[in-house]
Amino acid sequence: PVRVLHRRAQAVRPRTVHWLEPRLLNEHYLVLRLSTQAGMYIKEFVHGDLGRTRPSLRDLLGGGRVEILQLDVEGLEDHEQRQ
């Protein structure tokens, strides 16, 4: 992400979104639940990080303005313990 460029090497770091579950509240707001791979930058996925994060939620919604009003972590999964 742009916010950490001064302390991290610029590199392509592919991450996976396992699933997205949008719930439209009205024409301006939605609640989005998602499950992602560890290490995914959610804020950058939403905003697009000035075009550095592709695809982004902003791109998927047509390139308009997107803002995060609240960001909650609902849980973590330890895949090593499940095996």
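The exercises below, each with a worked solution, concern a predicted model.

**Exercise 1. Pairing of β1 and β2**

Determine in which sense β1 and β2 pair, and how many residues join them.

Solution.
- Step 1. Locate the strands: β1 covers residues 17-24 and β2 covers residues 30-36.
- Step 2. Read the pairing: the two strands run antiparallel to each other, over seven bridges.
- Step 3. Check the register at one position: Thr36 in β2 is the residue opposite Val17.
- Step 4. Examine the connection: β1 and β2 form a hairpin, joined through five residues.

**Exercise 2. The setting of Ser35**

Classify Ser35 as buried or exposed, and list what it touches beyond four places in sequence.

Solution.
- Step 1. Place the residue: Ser35 belongs to strand β2.
- Step 2. Apply the cut-off: the relative accessible area of Ser35 is 17%, and buried means under 20%, so Ser35 is buried.
- Step 3. List the contacts: once residues up to four places away are set aside, Ser35 touches Thr16, Val17, His18 and Trp19.
- Step 4. Relate these contacts to the strands: Val17, one of the residues touched by Ser35, stands opposite Thr36 in β2.

**Exercise 3. Leu57 and the nonpolar core**

Find which residues make up the largest nonpolar core, and describe the place of Leu57.

Solution.
- Step 1. List the members: the core consists of five residues, Met40, Phe45, Val46, Leu57 and Val66.
- Step 2. Place Leu57: this residue is in helix α2, which spans residues 57-60.
- Step 3. Test the burial of Leu57: its relative accessible area is 13%, under the 20% limit, and therefore Leu57 counts as buried.
- Step 4. Take the contacts of Leu57 outside four places in sequence: they are Leu32, Phe45 and Val46. Phe45 and Val46 are also members of the core.
- Step 5. Do likewise for Val46: its contacts are Ser56, Leu57, Arg58, Val66 and Ile68.
- Step 6. Add a backbone distance: the C-alpha atoms of Leu57 and Glu44 are 9.1 Å apart, with a sequence separation of 13 residues.
- Step 7. Set this against a general tendency: in soluble globular proteins, nonpolar side chains tend to be buried together.

**Exercise 4. Backbone of the loop between α1 and α2**

Identify which residues of this loop have a positive phi without being glycine, and where a cis peptide bond occurs.

Solution.
- Step 1. Consider Asp49, which lies in the loop between α1 and α2. Its phi is near 50°, although the residue is not a glycine.
- Step 2. Consider Leu50, in the loop between α1 and α2 as well. Its phi is positive too, at about 55°.
- Step 3. Compare exposure: Asp49 is buried because its relative accessible area is 11%, whereas Leu50, at 78%, is exposed.
- Step 4. Find the cis bond: the peptide bond between Arg54 and Pro55 is cis, with omega about -10°. Pro55 is likewise in the loop between α1 and α2.

**Exercise 5. The largest pocket**

State how much space lies in the largest pocket, and which element supplies the largest share of its lining.

Solution.
- Step 1. Take the volume: the largest pocket holds about 1600 Å³ of space.
- Step 2. Take the lining: there are 39 lining residues, and those closest to the pocket centre are Leu32, Arg33, Leu34, Ile42 and Leu71.
- Step 3. Assign elements: β1, β2 and α1 (42-47) each contribute at least two lining residues. The largest share is that of β2, with seven residues.
- Step 4. Sort by type: the lining has 21 nonpolar, 11 polar and seven charged residues.

How values were computed:
Residues are numbered from 1 along each chain as its sequence is written. This is a predicted model: local features need pLDDT of at least 70, side-chain atom pairs count only at pLDDT 80 or more; totals for chains, interfaces and linings use all residues. Side-chain values use heavy atoms; hydrogens and water are left out. On a 1 Å grid over the protein atoms alone, a cavity is a set of points where a 1.4 Å probe fits but cannot get out, and a pocket is an open set with protein on both sides within 12 Å along at least five of seven lines; lining residues have an atom within 4 Å of a point. Grid points are joined across faces, edges and corners, and a volume is the space filled by probe spheres set on the points. Helices (H or I, at least four residues) and strands (E, at least two) are DSSP runs, numbered from the N terminus. Ala, Val, Leu, Ile, Met, Phe, Trp, Tyr, Cys and Pro count as nonpolar, Asp, Glu, Lys and Arg as charged, and the others, Gly among them, as polar. Buried means under 20% relative accessible area, exposed over 50%, partly exposed in between (1.4 Å probe, protein chains only). Contact means heavy atoms within 4.5 Å. A nonpolar core is a set of buried Ala, Val, Leu, Ile, Met, Phe, Trp, Tyr and Cys residues joined through side-chain atoms within 4.5 Å. Two strands pair if DSSP finds at least two bridges between them.
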